[in-house]
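Me: Let's go through this structure together, one question at a time. I'd like the reasoning along with each answer.

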Amino acid sequence: MSPPFPDPSSLQQAMRQGAVWRGDRCAPAAARPSGHPALDVQLPGGGWGLGQVNEVLHRPGQGELALLFPALRRVAEEGRPILLVAPPWAPYAPAWLQAGIALERLVWVRAASAVDALWALEQALAEPGCGAALGWVGPQLDDRHARRLQLAARRGGGLGVLLRHGTAEQAASPFPLRLAVAAHGDGWRVRILKRRGPPLNEPLYLARTAPVASLGEPPPAVVTDLFGAPLAERRVA
Amino acid sequence: MLWLALHLPQLALDVFPPTPAPDGMPQRPRIVVASHGRGERLALVDPLAASLGLKPDMKLSAALALVNELVIHRRKPQAEADALAQLAGWALRFTPTVAVAPQTLLLEIGGCLRYFGGLAPLRAQVEQGVVAQGYALSAAVAPTPLAAQWLARHGADVTVTAPAELPRALSGLPLAVLALAPAPAQTLRQLGIATLGQLLALPRSGLARRVGPALPLALEQALGHAADPRDGFVPPDRFERCIDLDWPLETLEVFVKLAARLLDALEAFLSGRGLGVQSLYFRFTHEDRPPSGLRVGVGRPTRRAAEWLAVLRERIVHAQLAAPATSVTLVADTLHLLDGLPLTLFGPQGGQGLPELLLARLGARLGPDAVTGVATVPEHRPERASIDAPPGTASAPLPVGPRPGWLLPAPRPLPLRDGEPWHGETLRRLGRAERIESGWWDNDDVARDYYVAQGASGARYWIYQDCRDGDWWLHGCFA
């Protein structure tokens, strides 16, 4: 005779192995840690999703690069290239080096038109050898193009980030992850607008992990941050 | 020494690509004619024409009397020589010693048998390759080049490996394989000699008196008794191939199909020599205009036709033909050594280094200057400390203070509100100034106090005050 109920221990085992996805948790996914532990906890898979487009809504110049720098540094350390497709301004070489990103991994792709930018981003996302592809597109992105980008990212399997000017927060998109990033005090406020998992209503407040001045030797003058504490001390702390 | 002779009996016809018959029409017999005295005679006929009773050396008028639906090609000796040279270049992938004889290629294969796993696999590879390029072929193997050449020309698929067997193998061949001049041929015919066996039986000194010294020497060379040095084929150090079009080429989409044929030929040429190219030039000739051209480049030398085609497809997106083209020529004149260089072990999926093909495709469509890396320059003036560089350029960090991830293309003037610089919000300066005073030597000197500044929204900017006039400028964003 077989028991009327399945063995409870085997059910627990199945839950532990992740064979059953419970709706109050984030879906398992291939991911690359973002370098911000507080953010990783809330992201499916524990970081930026791989093989998908991660959508970041922002106002240019409000901390979007510093949010991405730890993950990009990891990509560069693995010897994989990072493609910047149609960024709003020139990536400033000394700063990217200060962020720990080897410049021989960095490729800056300019595009004369929005169509060319989307095409270049699709090509970069679909390339398996490409470690990270970052694309800047305007607020308007039609659904067909978005779907193409998502499919390309699934083919390539690398880290794909689409940085959009923070307007269309409520617009539908085929991308599985959408964040809104804004500068806040000495760090950022990140709102997860969409993820594969339960909705998160509270914004996350992240602090800058790297000090502003990352010099080989301490700066000659005592540089204080917003709250008046000397930066050198903050670094030790 | 072991020689593989590849005789191309239909070479004069094979250099003309076959034109498909229109739908519903039967294939028409094809012949090649050459001038002969005042008239024209048939040089070569295809099997269909032969079945209709046409023979080489027949007068063209007689052939037209027999068959009136003929495709007639004028013989092109230059095209035949080019085709033979191209095949010789291709054959260099098998052996370093390739000699060119009339209508025949001679490959010294004694040294490479082991590498290819024996005679039969090597011959299969070579012969399949030749047939795949559209040439009729008869092949033979012998220890001396002349013997191999004669056996192949006779069409007997014979393999002779020991010199001692040569006299017996050669004795059955007709004298026609020697391709003698008319006078010696006439003399031998009058002597009643029809085969090589009869000729070999004659004493050489008497033969030399009657027909000259060349023939006895050739016989000795064929038997391996006299030296027969051959000059190896030296391939040209550039590639140029032309396709003449029967109808004008209107669009670049059709051109891509033609380019695929040219690129296949280029790949065959390059892989025989272990070379690659980094830049290609397509030349178009037009009926009433000077020729125009299209240049395509990639970041790293390659020879693979598929990669070139992928780049070419992107290159033509924003290009167009100046006028309908009557011929397309592919020119590759700077060849790079490719073999012996390290290739990626796992292909692009290995993830090391730059995806060259992707960058080439991006560059082909967006323009050569659109895909770059950035590099640092040891220079105090911030706008000069970062320059565009070819992708993959490494640089050293600069011993400088905090620098913003984005630098504006040009500093933007900031207005003052309540004595503080203002950029949509009041900017609060964090910390002390970093003074940069440099460049007096090239008339572009700057004297600036740089600050990291933060607005109420939390955004951080890199601003400076010009020390000479006190104006405030925005120079970058700490994104």
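**Helices, a strand and a loop**

Me: Are helix 4 of chain B and helix 12 of chain B oblique or parallel to each other?
Reply: Helix 4 (residues 77–91) and helix 12 (residues 252–273), both DSSP runs of H or I with at least four residues, numbered from the N terminus, have axes 7 Å apart and an angle of about 45 degrees. Axes are fitted to C-alpha atoms over the stretch in contact, with angles from 0 to 180 degrees between N-to-C directions. Under 35 degrees is roughly parallel, over 145 roughly antiparallel, 65 to 115 roughly perpendicular and the rest oblique, so these two helices of chain B are oblique.

Me: Which residues of helix 12 of chain B make that contact?
Reply: Contact means C-beta atoms, placed from the backbone, within 7 Å. Helix 4 of chain B brings Gln86(B), Gly89(B), Trp90(B) and Ala91(B), and they meet Ala268(B), Phe269(B), Gly272(B) and Arg273(B).

Me: What kind of model is this, and which pLDDT do side-chain atom pairs need?
Reply: Residues are numbered from 1 along each chain as its sequence is written, with chains lettered from A and ligands numbered from 1 in written order. The model is predicted: totals for chains, interfaces and linings use all residues, local features need pLDDT of at least 70, and side-chain atom pairs need pLDDT 80 or more.

Me: How many residues of strand 13 of chain B are buried?
Reply: Strands are DSSP runs of E with at least two residues; buried means 20 or more other C-beta atoms within 10 Å, exposed 12 or fewer, partly exposed in between, with C-beta atoms placed from the backbone. Val371(B), Gly373(B) and Ala375(B) point one way, Thr372(B), Val374(B) and Thr376(B) the other, and all are buried. For strand 13 of chain B (residues 371–376), the count is six of six.

Me: Which residue in strand 13 of chain B stands opposite Val109(A)?
Reply: Strand 13 of chain B pairs antiparallel with strand 6 (residues 106–109) of chain A over two bridges, and pairing requires at least two DSSP bridges. Within chain B, four bridges join strand 13 to strand 14 (residues 386–389), also antiparallel, where Ala375(B) faces Ile387(B). The partner of Val109(A) is Val371(B).

Me: Which residues of chain A does Ala459(B) contact, leaving aside its neighbours within four places in sequence?
Reply: Ala459(B) lies in the loop between strand 19 (446–454) and strand 20 (460–466) of chain B. Because 23 C-beta neighbours fall inside 10 Å, Ala459(B) is buried. Its contacts are Gly61(A), Gln62(A) and Ala183(A).

Key:
Two residues are in contact if their C-beta atoms, placed from the backbone, lie within 7 Å.
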